[in-house]
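Here is a set of short exercises to work through with the model open beside you. Try each task yourself before you read its solution.

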Amino acid sequence: MTTERFMARFGARLVDNGYPVIPIQPGTKKPGRFQRGAWGEYAGWNRHCDRATTLQEVEVWSQWPDCGIGIAGGAIAAVDIDVGDAEIAAAIDQLARDRLGDTPALRIGRAPKRLLVYRTEAPFKGIRCSPIEVLCHGQQFVAYAIHPDTGKPYAWPEESLVDLSLNSLPMVGEDQARAFVADALELLPEHLRSKRLARPTPVQTTVPHASGDLRGTLEAVTAALGHIPNADLPYDDWVRIGMALKGALGEDGAALFEQWSAESAKNDPAFTAKTWSSFRPTAIGAGTIYHLAMERGWRPDPA
């Protein structure tokens with residue numbers, strides 16, 4: 001495997017350009033620390049999402065063997081296009097440039113997959129709808145290192161972050177990023193779309209609940225569910241949606257669950273009805289439906 005002193009070569013220049021640099025464990029895509037002669041995980045690396053990297057840190061990391069460079073998200077957002085079809089990857093790349101700005105910061109690890117780098121109006125949680133993701137606060141991406149699959153350095157075929165100040169990158173907001181992801185998913189053929197739902201993460205939503213912690217309005221839940229296609233989802237994801245619907249609407253959600261379940265070729269109406277009757281949600285409801293829908297581009301009606 002090729003070895004290069006990435007941190008020593010580029011670390012200080014990246015910090016001067018305004019980027020929150022972190023050390024990457026060689027041969028991986030993960031933040032790491034070199035202690036007592038061995039590489040290991042870097043617990044708490046995500047604090048760099050909220051503060052600038054110091055030149056003193058870079059000086060220490062530069063002494064670590066084969067240390068790669070990652071960029072912590074927050075002030076930075078990165079569109080990760082994890083698509084192996086060259087034509088589709090290029091189309092999504094162009095959509096990102098049209099919607100979010102024509103960034104000069106394009107990173108290639110294993111082509112045609114690619115990553116586009118932007119700065120943010122304000123930090124926001126990452127948006128994941130595999131194989132498309134917008135990495136942001138609490139996440140990171142590798143900027144300079146040896147790719148673990150190709151054995152070659154990551155490439156910056158247009159302009160490198162070393163030569164670009166953070167303030168020169170196009171600025172994006174969370175709403176822009178979510179709208180882009182929703183439109184980008186429409187460019188994917190069915191076989192490239194994820195068959196699983198993203199795992200839940202705590203979020204704040206502006207959609208009002210009708211009553212209690214789990215409840216939602218029929219109008220809002222129905223609108224949100226329309227953004228969560230049931231493309232033959234696995235059983236646990238199917239159950240999760242059913243539980244959330246019952247927590248949000250009680251028995252008023254039964255017909256909605258039946259309609260949504262019928263979108264799948266695996267649907268068995270009798271089994272669907274029996275499973276619905278078994279649901280006893282105590283900690284899952286409208287918030288789960290709203291969150292999954294917002295990840296897929298749904299924007300709640302303020303009314």
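The exercises below go from the whole chain to helices, cysteines, aromatic rings and a single residue, and the model they use is a predicted one.

**Exercise 1. The whole chain**

Task: Find how many helices and strands the chain has, and what share of its residues count as buried.

Solution:
- Step 1. Start with the secondary structure, which comes to 9 helices and 11 strands.
- Step 2. Turn to burial: the chain has 303 residues, and 50% of them count as buried.
- Step 3. Look at the overall dimensions; along the principal axes, the C-alpha atoms fill a box of roughly 65 × 40 × 35 Å.
- Step 4. Finish with the contacts between residues at least 6 apart in sequence, of which 76% join residues at least 24 apart.

**Exercise 2. One face of helix 1**

Task: List the buried residues of helix 1 and work out how they are arranged around the helix axis.

Solution:
- Step 1. Helix 1 covers residues 6-16, and its buried residues are Phe-6, Met-7, Phe-10, Gly-11, Leu-14 and Val-15.
- Step 2. Look down the axis of helix 1: these buried residues fall within an arc of 135 degrees, so they line one face of the helix.
- Step 3. Ask what that face meets. The buried residues of helix 1 pack against strand 1 (21-24), helix 2 (55-61), strand 4 (68-72) and strand 10 (140-144).
- Step 4. Move on past the helix to Gly-18, which follows helix 1 and has a positive phi, near 100 degrees.

**Exercise 3. The length and surroundings of helix 6**

Task: Check whether the span of helix 6 agrees or disagrees with its number of residues, then explain why helix 6 can be called largely enclosed.

Solution:
- Step 1. Helix 6 runs over residues 235-249, which makes 15 residues; at 1.5 Å a residue it should span 21 Å.
- Step 2. The end C-alpha atoms of helix 6 are 21 Å apart, so the two values agree.
- Step 3. Now count burial: 12 of the 15 residues are buried, so helix 6 is largely enclosed by the rest of the structure. Among them are Trp-238, Ile-241, Leu-245 and Leu-249.
- Step 4. Identify the cover, which includes helix 5 (218-225), helix 7 (254-261), helix 8 (269-278) and helix 9 (286-295).
- Step 5. Just after helix 6 comes Gly-250, with a positive phi of about 65 degrees.

**Exercise 4. Cysteines**

Task: Count the disulfides and explain why Cys-136 is not bonded to Cys-49.

Solution:
- Step 1. The count is 0 disulfides.
- Step 2. Take Cys-67, which is in no disulfide; its nearest cysteine sulfur, that of Cys-49, is 17 Å away. Cys-67 counts as buried, at 2% relative accessibility.
- Step 3. For Cys-136, the closest cysteine sulfur is in Cys-49, 8.4 Å away, which is too far for a bond. A disulfide needs the sulfur atoms within 2.5 Å.
- Step 4. Cys-136 also counts as buried, with 0% relative accessibility.

**Exercise 5. Aromatic pairs**

Task: Among the aromatic pairs, decide whether Trp-39 and Trp-64 are stacked or edge-to-face, and do the same for Trp-238 and Phe-271.

Solution:
- Step 1. The structure holds 13 aromatic pairs.
- Step 2. For Trp-39 and Trp-64, the ring centres are 5.7 Å apart and the planes lie at 90 degrees, so the pair is edge-to-face.
- Step 3. Trp-39 is in strand 3 (residues 38-41) and Trp-64 in the loop between helix 2 and strand 4, so the pair ties together parts 25 residues apart in sequence.
- Step 4. For Trp-238 and Phe-271, the centres are 5.8 Å apart and the planes are at 15 degrees, so this pair is stacked.
- Step 5. Trp-238 lies in helix 6 and Phe-271 in helix 8, so their pair ties together parts 33 residues apart in sequence.
- Step 6. Compare exposure: Trp-238 is buried at 9% relative accessible area, whereas Phe-271 is partly exposed at 40%.
- Step 7. Widen the view to the cluster that ring pairs form from Tyr-235, Trp-238, Phe-257, Trp-260, Phe-271, Trp-276 and Phe-279.

**Exercise 6. Asp-183**

Task: Place Asp-183 in its helix and find which residues it touches.

Solution:
- Step 1. Asp-183 is in helix 4 (residues 174-185).
- Step 2. With a relative accessible area of 31%, Asp-183 is partly exposed.
- Step 3. Leaving out residues up to four places away in sequence, Asp-183 touches Leu-95 and Arg-99.
- Step 4. The C-alpha atoms of Asp-183 and Ala-96 are separated by 9.7 Å, although these residues are 87 residues apart along the chain.

Definitions and conventions
Residues numbered from 1 in each chain as written. Predicted model: local features only at pLDDT ≥ 70, side-chain atom pairs only at ≥ 80, totals over all residues. Heavy atoms only, no water. Helix = DSSP H or I, 4+ residues; strand = E, 2+ residues; numbered from the N terminus. Expected span 1.5 Å × (residues − 1). Buried < 20%, exposed > 50% of the residue type's maximum accessible area, 1.4 Å probe, protein only. Contact = heavy atoms within 4.5 Å. Arc of directions from axis to C-beta. Phe/Tyr/Trp six-rings, centres within 6.5 Å; stacked < 30°, edge-to-face > 60°.
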